[in-house]
Amino acid sequence: MKCISVYTDSFEQFSDVFEQVIDLQLGENDEREVEGLIVSNSGEVPEHYLERMSAKPEVVVMKDKTRGITILQHGKVFEILLPSDEAAEIVS
């Protein structure tokens, strides 16, 4: 899974930029600013990362089942986990 990080603790701000972030052509370890928020491609994460993070009580897990996207929110960051096939299309 590819991981794109959006640095904010505001769900409203995150929601406002979510579709733009998904459409960004980010290279690995690339970082951009979208509407004042820092967005970065954090690279590939292993499957167990999602399991480990979702077990933590301070992590909120959201899913977009139609696109197979999982969003983790913890602290001041939202992590968008994209399935590898979709991530390859979005990130490449």
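Asp 30 is partly exposed, with a relative accessible area of 23%. Here, buried means under 20% relative accessible area, exposed means over 50%, and partly exposed lies in between (1.4 Å probe, protein chains only). Before we go on, please note that this is a predicted model, where local features need pLDDT of at least 70, side-chain atom pairs count only at pLDDT 80 or more, and totals for chains, interfaces and linings use all residues. Residues are numbered from 1 along each chain as its sequence is written, and side-chain values use heavy atoms, leaving out hydrogens and water.

**Exercise A: the partner of Asp 30**

Task: Find which side chain meets that of Asp 30 in a salt bridge.

Solution: A salt bridge needs a side-chain nitrogen of Lys or Arg within 4 Å of a carboxyl oxygen of Asp or Glu. Arg 32 fits, with an N to O distance of 3.2 Å to Asp 30. Now check its surroundings: Arg 32 is partly exposed at 33% relative accessible area.

**Exercise B: the sheet**

Task: Work out the strand order of the open sheet and name the strands at its edges.

Solution: Begin with the rules: helices (H or I, at least four residues) and strands (E, at least two) are DSSP runs numbered from the N terminus, and two strands pair if DSSP finds at least two bridges between them. Walking across the 6 strands gives the order 2-3-1-6-5-4, with antiparallel pairing. Strand 2 (31-34) and strand 4 (60-64) are at the edges with a single partner strand each, so one side of each has no neighbour in the sheet. Next, look at one edge: strand 4 is joined to strand 5 (residues 69-74) by 5 bridges, and Val 60 has Gln 73 in strand 5 as its bridge partner.

**Exercise C: strand 6**

Task: Describe how strand 6 is paired and how many of its residues are buried.

Solution: Take one neighbour at a time. Strand 1 pairs with strand 6 in the antiparallel sense over 5 bridges, and Ser 5 stands opposite Glu 79. Strand 5 also pairs with strand 6 in the antiparallel sense over 5 bridges, and here Leu 72 stands opposite Glu 79. The hairpin of strand 5 and strand 6 has 2 residues between the strands, and Gly 75 in the turn has a positive phi of about 60°.

Now look at the side chains. In a regular strand, they alternate between the two faces of the sheet. Val 77, Glu 79 and Leu 81 point one way, while Phe 78, Ile 80 and Leu 82 point the other way, and all are buried. The count is therefore 6 of 6 residues buried.

**Exercise D: links along the chain**

Task: For the salt bridges Lys 2 to Glu 44 and Glu 19 to Arg 67, state where the partners lie.

Solution: The search of the whole structure gives 4 salt bridges. In one of them, Lys 2 and Glu 44 meet at 3.7 Å, N to O. Lys 2 is in strand 1 and Glu 44 in strand 3, 42 residues apart. Lys 2 is buried at 17%, whereas Glu 44 is partly exposed at 45% relative accessibility.

Turn now to Glu 19 and Arg 67, whose closest N and O atoms are 2.8 Å apart. Glu 19 lies in helix 1 and Arg 67 in the loop between strand 4 and strand 5, so the pair ties together parts 48 residues apart in sequence. To finish, check the exposure: Glu 19 is partly exposed at 41%, and Arg 67 is partly exposed at 27%.
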